[in-house]
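Visitor: Please pick one part of this structure and look at it closely. Then show me how the rest is arranged around that choice.

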Amino acid sequence: MTDKRASELLSENLTAIYGYAFSKLYDKDKIDDLASEIVYEIIVSARNLQNEEAFWGFAWKIAENTFRRFIRKSQLAVLNVELTEENIGVYDLSPEREYIEKETESEEIYLLRRELSLLKKTHREVCVAYYVDNKSCSQIAKEQNISVEMVKYHLFKTRKLLKEGIGMTRTLGEKSYNPGTFRLDFWGDKNKYYDLFNRKLPGSIVLAAYYEAMTAEALSMELGVSMPYLEEEIEILEAAGVLKKIGDKYQTNIVIITDAYEKEFVKNTSAIYATVAKSAFEKVTSLLPQIRELGFHGSDYDDNRLMFGLLNLAFVKGYILARNKSPLGNPNKLALGCNGWIFGYDNDYINHHFHGVTMETWNKSGTAWYSAENYRVIKRAQMYDHYDFRNKSEALCDAILGKDANKDNPALPWLIKNKFILCENNKLSANFIVFERDIFDKVTYILSDIIEEVANCMIDISDKAEKILAEHAPAPLKEQCGDIAKIHHRLDVAAFLMEQLIKENKLIVPNEKTPLCIWGVKV
């Protein structure tokens, strides 16, 4: 906003400014001075205002701040009055002086409460017990299970900390108003971490303490959360192995795949996928007639749909081969009693390429299995919901085997509605490719060159990712980067290849519900 426009708005409402000054000052001779200062400050400050609609809310805030400065610097008579026998005990404070004293008292109480909120648990509890609850040192010693001497030490230490803290200028960190987003990923046998970050505070803690260790007090100021609330969350995260205590500080103990890292990774690897995608597509296209001749369920699908299925099969088998050629290390024994790997993201999965993956899942009887990959890019055609996993798996395998519908399976209606399963005269059939085991082995053999090429690409990508991730991760976490890069990036290669082929219109995603990247095998 220009000075001219601010002046125009003020001139139209100058009476309101004078009315504000009149209501605030006891000494009416100073009204003109205060009003003039308010007008000046508003005009100068309005240069930074972008939205004219916010002018008056902005202006009255400037007026309040100007009034505070005005009464503090003014040489009011009450501050310089000479005490005499006539006025001692009968002198009344002016409204300005009362305002100053109330504001000062309020500020001191705020600072005391602020510093109390930053005290460590024992200091805080001893202080509150002694000064607020009026308990004796011996009572407190018994409750805290410490000696009376230690109670006295804590009181001494607390007084010192409060005195020092009240004199400090403390600033809340960015995460006090912008907590950021943290999402956890688990790769292992049984996920006991799934609900650890269903609140914002734990995620904000691990984001804040990722690059450098921080004391609990520093975290408190960074997050804008008082210690009584923060301590419990820190204890939970430390017990889960997500935070590590280093002296009196805490640091995040898992790798976080940041948006900045993802952007650098894509920049350094994006050119690789086009060559591999082109090669895979051309090879499968040339092999399509040979594969159709094997006569499996789905061999009569149109070229586009069958290509989706066969390429996905090659990509998944490539992933499995890469895992065998360059395996992960032994699963970590995690603090919550499961085995595997945990890592996180500083965003809401914005860089993810899948909406869930199921590889080689068998039915209870061991007579059939299936694989289903929800590439994000095919969502409108296929979105296999993994909720109620076991019931869905049994229903899909029943369809693979051509069994009668199990009316007691609660997952069956959803699978039929979303066209993963067809049902006619109570007989189930799979609406996706199904192989006999020997034919599946033949198809895998026919695609072996492509599978090998994809596997080598995945290993190359994860090796590159490990180096980049190690540059972005804090030093204590660099040893985790190899396995995390393999877990996070190898399967993503399949998605990048699929996205490349769709982008080039070599594959077309149908508009209607069509299972594209799912196949089953009868044993």
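Guide: Helices and strands here are DSSP runs, numbered from the N terminus; a helix needs at least four residues and a strand at least two. By that rule, N426 falls in the loop between β10 (421-424) and β11 (427-430). The model is a predicted one. N426 has a positive phi of about 70 degrees, although it is not a glycine. Most residues other than glycine have a negative phi. The residue is partly exposed, at a relative accessible area of 32%.

E360 also has a positive phi, and this residue is the part I pick. Its phi is about 45 degrees, and E360 is not a glycine either. The residue is placed in strand β8, which spans 354-362. Is E360 buried, partly exposed or exposed? It counts as partly exposed, at 30% relative accessibility. The cut-offs for that class are 20% and 50%.

Now the side chain. Side chains of opposite charge can pair when their charged atoms come close. E360 meets K317 in a salt bridge of 3.3 Å, N to O. K317 lies in helix α14 (residues 303-325) and E360 in strand β8, so the pair ties together parts that are 43 residues apart in sequence. The lysine counts as buried, at 18% relative accessibility. The glutamate is partly exposed, at 30%.

E360 has another partner to note. S371 is in contact with E360. S371 sits in strand β9 (residues 368-375). Leaving aside neighbours within four places in sequence, S371 also touches T358 and M359, along with V316, C517, I518 and W519. S371 counts as buried, because its relative accessibility is 0%. Its side chain makes a polar contact of 2.7 Å with the side chain of E373.

Between β8 and β9 runs a loop, and S365 is found there. S365 is partly exposed, with a relative accessible area of 49%. Its side chain makes a polar contact of 3.2 Å with the side chain of N363. A polar contact of 2.9 Å joins S365 to the side chain of T367. What separates the C-alpha atoms of S365 and C397? The distance is 9.9 Å, for residues 32 apart along the chain.

Go back to helix α14, the home of K317. Another lysine there, K325, pairs with E452 in a salt bridge of 2.8 Å, N to O. E452 lies in helix α18 (residues 448-472) and K325 in helix α14, so this pair ties together parts 127 residues apart in sequence. E452 counts as partly exposed, at 36% relative accessibility. K325 counts as partly exposed too, at 40%.

Set a pairing inside one helix beside those. E282 and K278 meet in a salt bridge of 2.9 Å, N to O. The two are four residues apart in helix α13 (residues 259-292), so about one helical turn separates them. E282 counts as partly exposed, at 42% relative accessibility. K278 gets that label as well, at 42%. The salt-bridge count comes to 17.

What of the cysteines? The disulfide count is zero. C457 is buried, with a relative accessible area of 6%. C481 is buried as well, at 0%.

Some tyrosines sit further toward the surface. Y194 is found in the loop between β1 (183-188) and α10 (200-208). It counts as exposed, because its relative accessibility is 64%. Y194 and R183 are 11 residues apart in sequence and 9.9 Å apart in space, C-alpha to C-alpha. Y131 belongs to helix α7 (residues 121-132). Y131 is partly exposed, at 41%. Together with V128, Y130 and V132, it makes a nonpolar surface patch of about 350 Å².

Last, the whole protein. There are 19 helices and 13 strands. Buried residues make up 46% of the 523 residues. Of the contacts between residues at least 6 apart in sequence, 72% join residues at least 24 apart. The K317 and E360 pair, 43 residues apart, spans such a separation. The accessible surface comes to about 27400 Å², and 51% of it belongs to carbon and sulfur atoms.

Conventions: Residues numbered from 1 in each chain as written. Predicted model: local features only at pLDDT ≥ 70, side-chain atom pairs only at ≥ 80, totals over all residues. Heavy atoms only, no water. Patch = residues over 30% accessible without salt bridge, like charges linked within 9 Å, V, L, I, M, F, W, Y side chains within 5 Å. Areas by Shrake-Rupley, 256 points an atom, 1.4 Å probe, with all protein chains shown as cover. Salt bridge = Lys/Arg side-chain N within 4 Å of Asp/Glu carboxyl O. Buried < 20%, exposed > 50% of the residue type's maximum accessible area, 1.4 Å probe, protein only. Disulfide = S-S within 2.5 Å. Polar contact = N/O pair within 3.5 Å; in protein donor to acceptor, adjacent residues only side chain to side chain. Contact = heavy atoms within 4.5 Å.
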